[in-house]
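Student: Could you teach me how to read helix packing and ring pairs in a protein model?
Tutor: Gladly, let us look at one together.

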Amino acid sequence: MLRLMQTSHEAVIVKKRGRGRPPKSADERNESMRRGELVKVAAQLFRQRGFHGTSTRDIAAAAGMQSGSIFYFFESKEAILHAVMQDGMTQAAVSQNAALQALGARANGVERLSALVRNHLQIMVGGESDFIPVMLYEWRLLSDAQRMEVSAQKDAYEAQWMPALQALHRTGKLKARPEIARLLIFGALNWTAQWFTEGRGLTLDELTEQALALFIGER
C-alpha cells in the first residue's frame, strides 16, 4: 500500500521529459559561431592566396582571434581545409533542398532542372561561394578519408538532379544519357565561378535561361 502511494506521488511530481536534443547553451552557441567564422574566413583566404599561401596565423587574424586560439577548434590547417569543403557542401545541400521543396510535387522536369541550375549558379557565384574554387584547386590536399567524406556529400547533392534529367530524357527534351548529361552539366556550371560576375552583362536569371537553352533547348 505504501509502495503504491509512493509510486502515485512520484508520478505526480516527475516532470515530463522533453523530446529531442537539449537546446545549446550560450557558450555552445558562441563556440559554434566562432567556428563558423573561422571556416568562412579560411575559405576566403584559401581562395585568394591558396592553401599553401595561407597560414593559421592569417586565418586567426582575419577572424579577430589570437593565433593559438584556432587550435581550440581545429587540430591543423588541413582540418580547416576539410571543414571548408564539408561545411560548404552542407550549405549547398540545404539550399538545394529548399529550392526543390519550393517547387512542389507537381513540378515538371523543365521546372525542376531550372530550379536546380539557378540554385547551383547561386552557390557558385553567390556570397558564400568561396568553398567552390577551394574544392576545385585544393582537393588533392585532403586525406583519403577526408576525400571520401566530402565525395559522399557531393554524390548525394548531385543525385538529386537525376530524377529531373531522367524525366527530361524520357520526354525527348534531353538527348544525352542522363548520367553523362549530369557530368557535362556540372562541368559547365562549375566553371562559371571562374568567369561570371553578376551585374556585368548577365543576371543569374538570364544565365539560367542561357544554360537551359544549351542543355535542353528551352529557356
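**Reading helices and rings**

Tutor: Let us begin with one contact: in α5, Val 117, His 120, Leu 121 and Met 124 meet Phe 186, Leu 189 and Asn 190 of α9. Contact means heavy atoms within 4.5 Å. The residues of this contact divide into five nonpolar, two polar and no charged. Here Ala, Val, Leu, Ile, Met, Phe, Trp, Tyr, Cys and Pro count as nonpolar, Asp, Glu, Lys and Arg as charged, and the others, Gly among them, as polar.

Student: What kind of model is this, and how are residues numbered?
Tutor: This is a predicted model, where local features need pLDDT of at least 70, side-chain atom pairs count only at pLDDT 80 or more, and totals for chains, interfaces and linings use all residues. Residues are numbered from 1 along each chain as its sequence is written, and side-chain values use heavy atoms, with hydrogens and water left out.

Student: How many helices and strands does the protein chain have?
Tutor: The protein chain has eleven helices and zero strands. Both are DSSP runs numbered from the N terminus: helices are H or I with at least four residues, strands are E with at least two.

Student: How do I describe two packed helices?
Tutor: Use the angle between their axes and the distance between the axes. Axes are lines fitted to C-alpha atoms, for helices over the stretch in contact, and angles run from 0 to 180 degrees between N-to-C directions. The axes of α5 (residues 109-125) and α9 (residues 178-190) come within 10 Å and cross at roughly 40°. That makes α5 oblique to α9. Angles under 35 degrees count as roughly parallel, over 145 as roughly antiparallel, 65 to 115 as roughly perpendicular and the rest as oblique.

Student: Is the crossing of α5 and α9 left-handed or right-handed?
Tutor: Right-handed. A crossing has that name if the near helix is turned clockwise from the far one by less than a right angle, and is left-handed if anticlockwise.

Student: At what angle do α4 and α7 pack?
Tutor: Helix α4 (residues 77-103) packs with α7 at about 10°, their axes 10 Å apart. The two are therefore roughly parallel to each other, and their crossing is left-handed. Residues of this contact divide into seven nonpolar, six polar and three charged.

Student: And how do I read a pair of aromatic rings?
Tutor: Take the distance of the centres and the angle of the planes. Rings of Phe, Tyr and Trp (its six-membered ring) pair if their centres lie within 6.5 Å; planes under 30 degrees apart count as stacked, over 60 as edge-to-face and the rest as tilted. A search of the whole structure finds five such pairs. For Tyr 72 and Phe 73 the centres are 5.0 Å apart and the planes at 85°, so this pair is edge-to-face. Trp 161 and Phe 186 have centres 4.6 Å apart and planes at 55°, so they are tilted. Trp 161 lies in the loop between α7 (144-159) and α8 (162-171) and Phe 186 in helix α9, so the pair ties together parts 25 residues apart in sequence. Tyr 157 joins these two in one aromatic cluster.

Student: Are Trp 161 and Phe 186 buried or exposed?
Tutor: Both are buried, meaning under 20% relative accessible area, with exposed over 50% and partly exposed in between (1.4 Å probe, protein chains only). Tyr 72, at 57%, counts as exposed, and Phe 73, at 22%, is partly exposed.
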